Amino acid sequence: MDGVSRRRILRGMAAGLACGLAGPALAEAPVRSPRPAARLAGVVPAAGPAAVPAEALIGAAALGGEVGFVVADAKTGLILEARAGDRPMPPASTMKVITSLYALEHLGAGYCFPTRLIATGPVSGGKVRGDLILAGGGDPTLTTDDLGDMAAALKARGVAGVTGRFLVWGGALPYLEAIDESQPAWLGYNPAVSGLNLNFNRVNFVWKRAGKGYEVGMDARAERFAPPVYSARVSVSDRDLPVYSYRRGKVEEWTVARTALGKGGSRWLPVRRPELYAGDVFQTLARAGGVPLPAPEVTGGPPTGTVLVERASAGLPVILRDMMKYSTNMTAEAVGMAASARRGVASHAGSAREMTAWLAERTGAAARLADHSGLAGASRIAPEDMVRALVTLGPKAGLRGLLKEFAFRDEAGRKVKGSPVTVEAKTGTLNFVSTLAGYVRAPGNTDLAFAIFTGDVARRDSIPDSQKENAPGVGAWVKRSKRLQQQLIERWVTVYGA
C-alpha cells in the first residue's frame with residue numbers, strides 16, 4: 001500500500017464508526033479494485049491519467065519535496081490507493097476541515113456568537129448613568145455595518161450619551177497578536193484574534209497621488225458604512241524596502257515605501273489591537289447617529305450590567321461554509337478557540353493541543369496541530385488521518401454541505417462544463433505547499449473520500465521575509481500541484497468507479 005498500514009487505518013475506522021461493518025468483511029475486502037471501470041465521458045480524456053500510474057503523474061508534475069495521498073471508500077473507510085499515506089505533512093487550509101468538525105461537535109450547529117452593548121447603570125434622561133461596554137462574544141464575522149446597526153439600535157433605546165466611560169471587552173476568547181508570528185507583519189490574512197473582532201481584524205489603507213505626494217488614510221469600510229479609523233494611521237516613507245513597516249502603540253503606526261504606491265489604490269492591513277479598533281469604529285458611528293461617546297478604553301474584567309442591544313451572528317454552519325469558501329484564517333482561529341473554551345482551555349497554544357487530543361480521541365490520529373487555520377507551517381497531519389476524519393466524523397457533522405465544489409479544468413485552465421463527477425473539497429495553499437481534501441461522487445454509486453498533500457517544505461523555509469508574499473516560482477509550482485490533484489481524482493474515478 002505504498003507506505004500506509006492498511007490494518008492501522010482500518011482499526012481506526014472501526015473504532016471511529018463504533019457500529020460499522022463487521023470486522024471480517026472489512027478486513028478481507030480487496031485493497032484495490034480487481035479491474036478498471038469504464039472511462040466516464042467528460043471526466044478523463046482519451047489516453048488520460050487513468051492510463052498512467054500515479055507515480056508517473058507525480059513524476060511529471062516535478063514538484064520536488066513530498067507527495068502523499070489516500071483515497072478510500074467514503075462509506076466503509078476501505079483504502080483503495082495510497083502513497084506515503086502515513087507521512088505527516090503540512091495541511092495548509094485543509095486544517096479548516098478538522099476545525100469545522102471540532103467546532104460543530106463542541107458548539108453545536110445552532111450556535112451563534114453574540115455581541116452586546118451593556119450599561120453598568122440605568123438609562124435616565126437620555127443617558128447611561130454609568131459605563132457603556134461594547135462586549136464581544138468571539139464573533140469572527142462582525143462588520144462595520146453590524147456596528148452601525150447596533151449604534152442605531154442604541155439610539156432607538158433612547159440613549160443619547162453616557163456619564164461614565166466607553167469600554168470595550170474582548171475577553172470571551174484568548175488574545176492572539178498574530179496567527180503565525182513567523183509571517184511578515186503586513187499580511188492581511190494573518191491578523192490578531194480576540195473576543196471582539198471587526199472586519200476580520202483588517203483595516204483598509206487607501207492612497208492616491210496628490211501633486212508630488214500622496215494622500216493616505218485608513219478606513220473600516222463595509223457595504224453601507226466607511227468610517228475613518230483613528231486607532232491606526234499610515235505615513236509615506238522615502239525608501240524602496242521594506243514596503244511596509246509596523247510599530248505597535250496605543251495607535252498602530254504603519255509606514256509604506258513611496259516607490260510601491262503608484263497612482264493610487266487600497267489594501268487591507270492586519271489589526272493587532274482589535275478591541276480598540278472596534279471601539280474606535282463604534283464611537284464614530286454612534287457619534288454620527290447622535291450618541292457621542294468618550295474614547296474607548298479596554299476593560300479586562302467580564303462585563304456585568306443591563307444588555308441594551310444584542311446582535312447575534314449567523315448560525316455556525318453558515319459561518320463555517322463562508323470560512324471554507326473564502327478560507328478566512330481568523331474565522332478558523334476564533335471558532336477553534338471557542339470550541340476549546342467549552343473544554344476549559346483558555347489559550348491559543350492550549351487550544352491547538354486540545355484539538356489535537358480531541359482528534360486522537362475521536363479517530364486515533366497521530367497529528368500535531370499548531371493552530372486551527374493551517375496558516376502555521378508547523379502543523380502536521382497524515383493524509384490517512386485526514387481521510388479517517390472525513391469518513392468517521394464528516395457525515396454526522398454534515399461536512400459535505402460546508403465544502404466548496406471543486407471545478408475540473410481543461411488543459412487551457414477553463415472549467416469543464418457538465419461533468420458527471422462532483423467533488424466537494426477544501427483546498428489549502430502556502431508557499432510551496434498545496435493540499436486538497438474532501439469527497440468525490442460519480443455515476444454508478446461511486447463515493448470516495450480523499451486527501452492529497454504536496455509540499456516542498458525545505459524550499460518554503462528558505463524564502464526570505466521580503467519575498468514571502470510573492471515568492472518566486474510559487475505560482476507555477478501551485479499550478480502544477482493543482483493539475484496533479486485533478487489528474488489523481490480523474491484516475492480514481494475511472495479506476496475505482498462502479
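Colleague: Which residue just after α6 takes a positive phi?

Modeller: This is a predicted model, where local features need pLDDT of at least 70, side-chain atom pairs count only at pLDDT 80 or more, and totals for chains, interfaces and linings use all residues. Residues are numbered from 1 along each chain as its sequence is written, and side-chain values use heavy atoms, leaving out hydrogens and water. Helices (H or I, at least four residues) and strands (E, at least two) are DSSP runs numbered from the N terminus. Just past α6, a positive phi of about 90° belongs to Gly290.

Colleague: How many of the residues of α6 are buried?

Modeller: Helix α6 covers residues 274–288. Buried means under 20% relative accessible area (1.4 Å probe, protein chains only). The helix is largely enclosed by the rest of the structure, because its buried residues number 13 of the 15.

Colleague: What are the edge strands of the open sheet?

Modeller: Strands pair if DSSP finds at least two bridges between them. The sheet has 5 strands in the order β15-β8-β6-β3-β16, with mixed pairing. Pairing on one side only are β15 (296–298) and β16 (306–312).

Colleague: And which residue in β8 is the bridge partner of Leu134?

Modeller: Strands β6 (residues 132–136) and β8 (residues 166–169) run parallel, paired over 4 bridges. Within β8, the partner of Leu134 is Val168.

Colleague: Which strands does α6 touch?

Modeller: Contact means heavy atoms within 4.5 Å. Helix α6 packs on the sheet. The strands it touches are β3, β6, β8 and β15.

How values were computed:
Expected span 1.5 Å × (residues − 1). Buried < 20%, exposed > 50% of the residue type's maximum accessible area, 1.4 Å probe, protein only. Axes fitted to C-alpha atoms, helices over the stretch in contact; angles between N-to-C directions.
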